[in-house]
Amino acid sequence: MNSQIKTIIKTSNGYKDFRRLRNRILYSLNKDTPIKG
């Protein structure tokens with residue numbers, strides 16, 4: 001799980017908004033649960 005998060009952070013250099021990065025991490029780890037904004 002930690003390695004997945006680290007690869008997402010490495011490839012997401014263009015994100016200026018932390019919430020968008022957080023939502024991407026949560027979605028990639030738990031695709032079953034909906035993300036609340």
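This passage walks through the fold, the helix packing and a few individual residues of a small set of features in a predicted model.

A good place to begin is the overall make-up. The protein chain contains two helices and no strands at all, the strand count being zero. Helix H1 covers residues 2–11 and helix H2 covers residues 18–29, with a loop between them. Of the 37 residues in the protein chain, 11% count as buried. The surface that the protein chain exposes comes to about 3,500 Å², and carbon and sulfur atoms supply 52% of that area.

With the two helices in view, the next topic is how they sit against each other. H1 and H2 pack with their axes 10 Å apart, at an angle of about 140°. Angles over 145 degrees would count as roughly antiparallel, so H1 and H2 are described as oblique to each other. The crossing in which H1 passes H2 is right-handed. On the H1 side, the residues that take part in the meeting of the helices are Gln4, Ile5, Ile8, Ile9 and Thr11. Their partners in H2 are Leu21, Arg24, Ile25, Ser28 and Leu29.

The loop between the helices offers a residue worth a visit. Ser12 is found there, between H1 and H2. Ser12 counts as buried because its relative accessibility is 9%, and the cut-off for buried is under 20%. Once neighbours within four places in sequence are left aside, Ser12 is in contact with Leu21 and Arg24. Leu21 and Arg24 are also among the H2 residues that meet H1, which links this loop residue to the helix packing described above.

Charged side chains complete the picture. The structure holds one salt bridge. In a salt bridge, the side chain of Arg19 meets that of Asp17, with 4.0 Å from N to O. As for the surroundings of this pair, Arg19 counts as exposed because its relative accessibility is 55%, whereas Asp17, at 36%, counts as partly exposed.

Notes: Residues numbered from 1 in each chain as written. Predicted model: local features only at pLDDT ≥ 70, side-chain atom pairs only at ≥ 80, totals over all residues. Heavy atoms only, no water. Helix = DSSP H or I, 4+ residues; strand = E, 2+ residues; numbered from the N terminus. Buried < 20%, exposed > 50% of the residue type's maximum accessible area, 1.4 Å probe, protein only. Contact = heavy atoms within 4.5 Å. Areas by Shrake-Rupley, 256 points an atom, 1.4 Å probe, with all protein chains shown as cover. Axes fitted to C-alpha atoms, helices over the stretch in contact; angles between N-to-C directions. Parallel < 35°, antiparallel > 145°, perpendicular 65-115°, else oblique. Left-handed = near helix turned anticlockwise from the far one by under 90°.
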